[in-house]
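Visitor: I would like to go through this model step by step, beginning with its cysteines. Could you take my questions in turn?

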Amino acid sequence: MTTCRRRISKWWPQSLREATLSIPQWFPKTAIFNSPREAAMACPYLQQPSFLLASLKADSINKPFAQRCQDLVKVIEDFPAKELHTIFPWLVESIFGSLDGVLIGWNLRCLQGRVSPVEYSIAMEFLDPGGPMMKLVYKLQAEDYKFEFPVSYLPGPVKASIQERVLPDSPLYHNKVQFPPTGGLGLNLALNPFEYYMFFFALSLITQKPLSGALHVRTSDCAYFILVDRYLSWFLPTEGNVLPPLSSSPGGTSPSPAPRTPAMPFASYGLHHTSLLKRHISHQTSVNADPASHEIWRSETLLQVFVEMWLHHYSLEMYQKMQSPHAKESFTPTEEHVLVVRLLLKHLHAFSNSLKPEQVSPSAHSHATSPLEEFKRAAIPRFVQQKLYLFLQHCFGHWPLDASFRAVLEMWLSYLQPWRYAPEKQAQSSDGQARCVSERWAPFVQENLLMYTKLFVGFLSRALRTDLVSPKNALMVFRVAKVFAQPNLAEMIQKGEQLFLEPELVIPHRQHRFFTAPTFTGSFLSSWPPAVTDTSFKVKSHVYSLEGQDCKYTPMFGPEVLRLAQLITQAKQTAKSISDQCGESAAGRPFLSWLGFYSSDTNSSYSANDLDEMGQDSVRKTDEYLEKALEYLGQTFRLNEAQLAQLTLALGTTQDENGKKQLPDCIVGEDGLILTPLGRYQIINGLRRFEIEYQGDSELQPIRSYEIPSLVRVLFRLSSAINHRFADQMAALCSRADFLGSFCRYHLMEPVLASRHLLSPVGQGRSAGCVRGPRLSLRFLGSYRTLLSLLLAFFVASLFRIGPVPCALLLVLGYFLYAMAMALLTERGKLHQL
């Protein structure tokens, strides 16, 4: 073997070695190469893009996962960027899957360490921010390679804007849009390697659908979720500066980063884009940023990519169209998507709050402030706030009314509490009460007023349509009430509403502002009008930038919360009544119910919620959640016991004079009862219900679960034949006035039918069934319970050495004595009623 072959065989993948050995005539026998790079450069045919790419594609099919990753690490280390840039798009797609979702790649969303520890550790090491894949990105970044990304896979508003030849507001897309050549298909973005990698990584959360067997995968344990956390910790550090790009070769220098993508200085981060003229896509200006900002270009790109791909699926115009009930959803987020966004928000709060106290105040802002500090200050208001608000608005309005909404709720509550992620956390008070929210957070509350107020009103709308007796729904109400009941938070929110609702005065030096004052109904008779402060301007600017100039603001401190408090009170009473009913039914069950032969009364069962399935512990938890939620709401909105009691009585939650629950609120129409909106609320929340009872022929009612179907049908045919054959004789016996007549009427007549009436208020007092003659019913013999009782009686008799025939005679004699007594008591009761 020549020296060239020996050197190549040490570091090339198996497929490359096989290809090299199959073409020995390409190498002169006298050629000796001192390095693998010289060997590759001396073989021009091996530099064809298709050779290395085809070899790696073949390895991806034939080799195990661990061996493929080892080969990729060697290729990344030894090959120059000129050869690596040809395989980079294929490698990214093979890891994160295709944009159309057909190829799943490494399936990072289902890869877990406890299920596949070897594959998990290899994948995490390869994709780590300091791992081989990122080294490949930096290697290509130093050579300024560009890769095409199709615009058709971008989020809806961005795609529509670019297709309309309008440049999106986000600087992420500036100087990147490429027009298709003559006869070309679609628009593309020219992305650098880091952007291309992050685009695929972020979009894989949306484009890749989870496999059918991955329905029970815990999101926080999967490789994708942990990679997001690692990337955020690496590129958005809470301590120190962003680590520089790693060197692609040992002892070499780090590649110089590419220029920043934004076409605006950091000083403009705190301002929203207020230009009324849309920038055409052909006017993509290039601005050279300050070289000092090169240190954070990756951090800025990472944040913009995550926000654009995960949150920017709704624009203000699209959100306003979605308010129509006939609008079709363009994008539906998943629970996993929401959990990843929550991770991003929590880390952004920690990142922004890592500013030193002297850097937070505006007076400390100067030209000497580092770009990273400016980025921390502007990350949330400049990049996240508007897109997150529209995302949350859509979730609140279109998410199903089930327990999965808990993920959206916790994401919202995480954003509302930045103080939880501040380094200077205040200790909880000794009496167990929540810590007071510092006045330091008043600007954040005011600048995010709609996040608190309008979304709280949206949550109220959802809560009023859910079953608050359900423990999971009760827990969500409790969580929201607890967060908003934190000391001093309600006062901050109320102050923000007052700043927004105070009238805007026309002052000459303020006429350049980009919003007009809304119409207010307050009195202007005061001799000295209130001064318009800068804080008021900021609050109004925030509201109008998120909702538009023609927004209709609904105050958070309004009457809607009283309805929620009233429904919580009703749900508490319902949970208590269900608990009592469950206890009574459990105590009244016969001894044999543990065998499963107990016939539950379907007419009195309550199935409006899941309490029966979850047991008494669930009832107790529900009552605790609702009681604490009512207490927290009272603290937040200053409700007293007298108000709650008055609301409860006004909606008729008290019991009627007979001690039974009233019917749901309804009105009488031509065709019967018609539910009112209040009645629908009562039924949905399990506060009231219609008593459903079988009122037909007892012989023809459906076969129950505690009956033997075939035996019931045989007994019905037998009893029908007897009734048809001896109808006249039974009628004659029942018409007698002596004891024999009473005895026959007790067995052959149905006394229940004589006193059964319709429960509907319409036609109250009218009999529900027709008068039937005497008949014999043998259906009771088809019950498991009856047969088991007879077997148990024979078994006990055998223990006392009583044979089957004497036992049967004793049972018949005992029943006759019981029937005679009941016949006499029944007749005496009828005489007292006359």
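Visitor: Which cysteine holds the sulfur closest to that of Cys744, and why is there no bond between them?

Guide: This is a predicted model, and a disulfide here requires two cysteine sulfur atoms within 2.5 Å. The sulfur of Cys744 lies 5.5 Å from its closest cysteine sulfur, which is too far for a bond. The residue that holds this closest sulfur is Cys734.

Visitor: How many disulfides does a search of the whole structure find?

Guide: The pair formed by Cys744 and Cys734 is too far apart for a bond. For the whole structure, the number of disulfides found is 0.

Visitor: Is Cys744 buried or exposed?

Guide: A residue counts as buried when its relative accessible area is under 20%. For Cys744 the relative accessible area is 11%, whereas Cys436, at 41% relative accessibility, counts as partly exposed. Cys744 is therefore buried.

Visitor: Which strands stand at the edges of the open sheet?

Guide: The open sheet is formed by 3 strands in the order 1-3-2, with antiparallel pairing. Each edge strand has a single partner strand, so one side of each is left without a neighbour in the sheet. The strands at the edges are strand 1 (147–150) and strand 2 (177–178).

Visitor: What is the bridge partner of Gln178 in strand 3?

Guide: Strand 2 and strand 3, the latter spanning residues 188–191, run antiparallel and are joined by 2 bridges. In strand 3, the bridge partner of Gln178 is Asn188.

Terms used. Residues are numbered from 1 along each chain as its sequence is written. This is a predicted model: local features need pLDDT of at least 70, side-chain atom pairs count only at pLDDT 80 or more; totals for chains, interfaces and linings use all residues. Side-chain values use heavy atoms; hydrogens and water are left out. Buried means under 20% relative accessible area, exposed over 50%, partly exposed in between (1.4 Å probe, protein chains only). Two strands pair if DSSP finds at least two bridges between them. Helices (H or I, at least four residues) and strands (E, at least two) are DSSP runs, numbered from the N terminus.
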